[in-house]
Amino acid sequence: MGKITGFLEFERKIEDYAPVEERIKNYKEFTQPLKETELKNQGARCMDCGVPFCHSGCPLGNLIPDFNDAVYKGKWEKAANILHSTNNFPEFTGRLCPAPCEEACVLGINEDPVSIENIEKNIVETAFSKGWITAQPPKTRTGKTVAVIGSGPAGLATAQQLNRAGHLVTVFERDAKVGGLLRYGIPDFKMEKNVIDRRLEVLKEEGIIFKTNTHIGVDIDANTLKENFDAVVLSGGATVRRNLPIKGADLKGVVQAMDFLKQNNKRVDGITDLGEEIKATNKDVIVIGGGDTGSDCIGTSIRHGANSVSNFEIMSKATPERPADQPWPFWPMRLRTSSSHKEGAERFFSISTKEFIGDEKGNLKGLITAEVEWIKTPGQRPTLKEVPGTEKEWKCELVLLAMGFTGSEMTVAQQLGLEADSRTNIKASAKNYMTNVPGVFVAGDQRRGQSLIVWAISEGRQAAHHVDVYLTGSSTLPLKGEGDLPRV
């Protein structure tokens, strides 16, 4: 597997970035690919480790040692086949996944882990460039129809798998273009939208029907959809944003991160009808929230030409190393510094926003914070305590709330009479992804809550298998751990 001594001979290497002063001038992707020999060396680092914990770290169960070995040997088409046997869209995960597989890599116990994500991206990009990724329409049709609500990664994975099983699949998307948060949420500098479009062409050639500008639950009653299709799969996102209910939250200039990011995606796409403009140009910007969405807001604000960008995180500053209480191979809550953080933002930890300050016209002009500390008691959840005498006023004209999501929109679920939990996740059987209403399934964020793109694809694949069983009595669609090595 790989080169027996590869992990001893070669150091970890990933793609370089274009210089900051160049990349912030536009919204293009700015990674600089490795040479083929360098990629082979990275594949060679994959150890013959006996038990590949990377499999369990990956929500898709990707056959990681297998495609690493193929890359090391220069068998790129074989690598692409292996990769696509478990992952419908490695061009998405290869750019956007936080790579839990790498945190579970055996080499990562005492060395830098194998650069799995970067290898994955280069496999699929090679496959596209060589013309190996082509449509695979089913040889026969079952005559069964399936409606998929939502065209994010969960919906697209569900649709492709069910279409390949021979069912007639229609994907409904309320926005003008397909992709969900991949298109309207992820900044173009992290993934240009032609990456989505080229995959969509394959899906359309395979026979999947896409209906955009169609809001199920608003434009079409969900029950009407259920009556017209043999099965329905809900695969929308967890799109209800978390608010900050403090004084001044209604001031002009206090903006939800996804409103800001979505508008900029449309602006980059050349759309001019954007409604009220939200831009960071010549403003002091504060981003509240230290996750990926906050990072995306930072990079976008810098490209707008903000005067300054500060990032607030209520949690304590983590360490770059794996915490002692989060041992390998579990996912560690370590300090992560994104490319956007390195473009000029200043980060502040253990800080809580208490009040937004406005001028006489209702415009945001500043905010007040206090430092906080987390009190840990054995056997109990940590509690938050404000540090006395640490209040501080900050100047800002734009605040972006990037504090995550509280759950799913419930219009469709209510129309169909679906059961939900306290977090507005739609309840579904863990065995078959079916809700309390026969023939109605759910996958992705609407089932498990806000999560990763790689989990969304995994959920879509799993749900598709169970929908196929519901429609036909059995299924050849693989479940996790059962990749079938199809042609890409």
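# Briefing on the predicted model

The chain has a mean pLDDT of 95, and 98% of its residues reach 70 or more. The structure is a predicted model. Over residues 483-488, by contrast, the pLDDT is below 50, and this stretch has 23 contacts in the model beyond near neighbours in sequence. The largest nonpolar core has 65 residues, and a second, separate core has 20 residues. The points below cover these cores, the aromatic and charge-over-ring arrangements, two helices, and three individual buried residues.

**Nonpolar cores**

- Within the largest nonpolar core, of 65 residues, the residues with the most contacts inside it are Phe-67, Phe-92, Ile-123, Val-146, Met-191, Phe-210 and Val-467.
- Helix α17, which spans residues 453-472, gives the most to this core, contributing seven residues.
- Val-467 touches Val-146, Leu-162, Ala-231, Val-233 and Phe-441, when residues up to four places away in sequence are not counted. Of these partners, Val-146 is itself listed with Val-467 among the residues with the most contacts inside the core.
- The second core is separate and has 20 residues, including Ala-257, Cys-297, Ile-302 and Ala-306.

**Aromatic pairs and charges over rings**

- A search of the whole structure finds nine aromatic pairs.
- One of them joins Phe-172 and Phe-229 in an edge-to-face arrangement, with 6.0 Å centre to centre and 85° between the planes. The angle is over 60 degrees, and the pair therefore counts as edge-to-face.
- This pair links distant parts of the chain, 57 residues apart: Phe-172 belongs to strand β4 (residues 168-172), whereas Phe-229 lies in the loop between α12 (222-228) and β6 (231-234).
- Both partners are buried: Phe-172 has a relative accessible area of 5%, and Phe-229 has one of 18%.
- Tyr-17, Phe-30 and Phe-189 are linked into a cluster by ring pairs.
- The charged end of Arg-303 sits over the ring of Phe-189, 3.9 Å from its centre.
- Lys-262 lies over the face of Tyr-184, at 5.6 Å from the ring centre.

**Helix α9 (residues 116-130)**

- The 15 residues of helix α9 should span 21 Å at 1.5 Å a residue, and its end C-alpha atoms are 21 Å apart, which agrees.
- Because 12 of its 15 residues are buried, α9 is largely enclosed by the rest of the structure.
- The buried residues of α9 include the polar or charged residues Glu-117, Asn-118, Glu-120, Lys-121, Asn-122 and Thr-126, alongside Ile-116, Ile-119, Ile-123, Val-124, Ala-127 and Phe-128.
- Ile-123 also appears among the residues with the most contacts inside the largest nonpolar core.
- Gly-131 follows α9 and has a positive phi, near 80°.

**Helix α13 (residues 257-268)**

- Helix α13 has 12 residues and reaches 17 Å from its first C-alpha to its last, close to the 16 Å expected at 1.5 Å a residue.
- Its buried residues are Ala-257, Met-258, Phe-260, Leu-261, Gln-263, Asn-264 and Asn-265. Ala-257 is also included in the second nonpolar core.
- These buried residues pack against β7 (240-241), β8 (254-256), α14 (292-304), β16 (398-401) and β17 (405-407).
- Just after α13, Gly-270 takes a positive phi of about 90°.

**Individual buried residues**

- Arg-23 lies in helix α2 (residues 20-23) and counts as buried, at 5% relative accessibility.
- Not counting residues up to four places away in sequence, Arg-23 touches Tyr-17, Ala-18, Phe-30, Arg-303, Ser-339, Lys-342 and Glu-343. Two of these partners, Tyr-17 and Phe-30, belong to the ring cluster with Phe-189.
- Val-202 is found in helix α11 (residues 194-205) and is buried, with a relative accessible area of 8%.
- Val-202 touches Ile-133, Thr-134 and Ala-135, with residues up to four places away in sequence not counted. Val-202 and Arg-461 are 259 residues apart in sequence, and their C-alpha atoms are 17 Å apart in space.
- Leu-418 is found in the loop between α15 (411-416) and β18 (440-442) and is buried, with a relative accessible area of 10%.
- Leaving aside neighbours within four places in sequence, Leu-418 is in contact with Leu-234, Ala-413, Ile-426, Thr-435, Asn-436, Val-437 and Val-440. The C-alpha atoms of Leu-418 and Gly-291, 127 residues apart along the chain, are separated by 31 Å.

Methods: Residues are numbered from 1 along each chain as its sequence is written. This is a predicted model: local features need pLDDT of at least 70, side-chain atom pairs count only at pLDDT 80 or more; totals for chains, interfaces and linings use all residues. Side-chain values use heavy atoms; hydrogens and water are left out. A nonpolar core is a set of buried Ala, Val, Leu, Ile, Met, Phe, Trp, Tyr and Cys residues joined through side-chain atoms within 4.5 Å. Buried means under 20% relative accessible area, exposed over 50%, partly exposed in between (1.4 Å probe, protein chains only). Helices (H or I, at least four residues) and strands (E, at least two) are DSSP runs, numbered from the N terminus. Contact means heavy atoms within 4.5 Å. pLDDT is the predictor's confidence in each residue, from 0 to 100. Rings of Phe, Tyr and Trp (its six-membered ring) pair if their centres lie within 6.5 Å; planes under 30 degrees apart count as stacked, over 60 as edge-to-face and the rest as tilted. A charge sits over a ring if NZ of Lys or CZ of Arg is within 6 Å of the ring centre and within 35 degrees of the ring normal. The expected span of a helix is 1.5 Å times one less than its number of residues.
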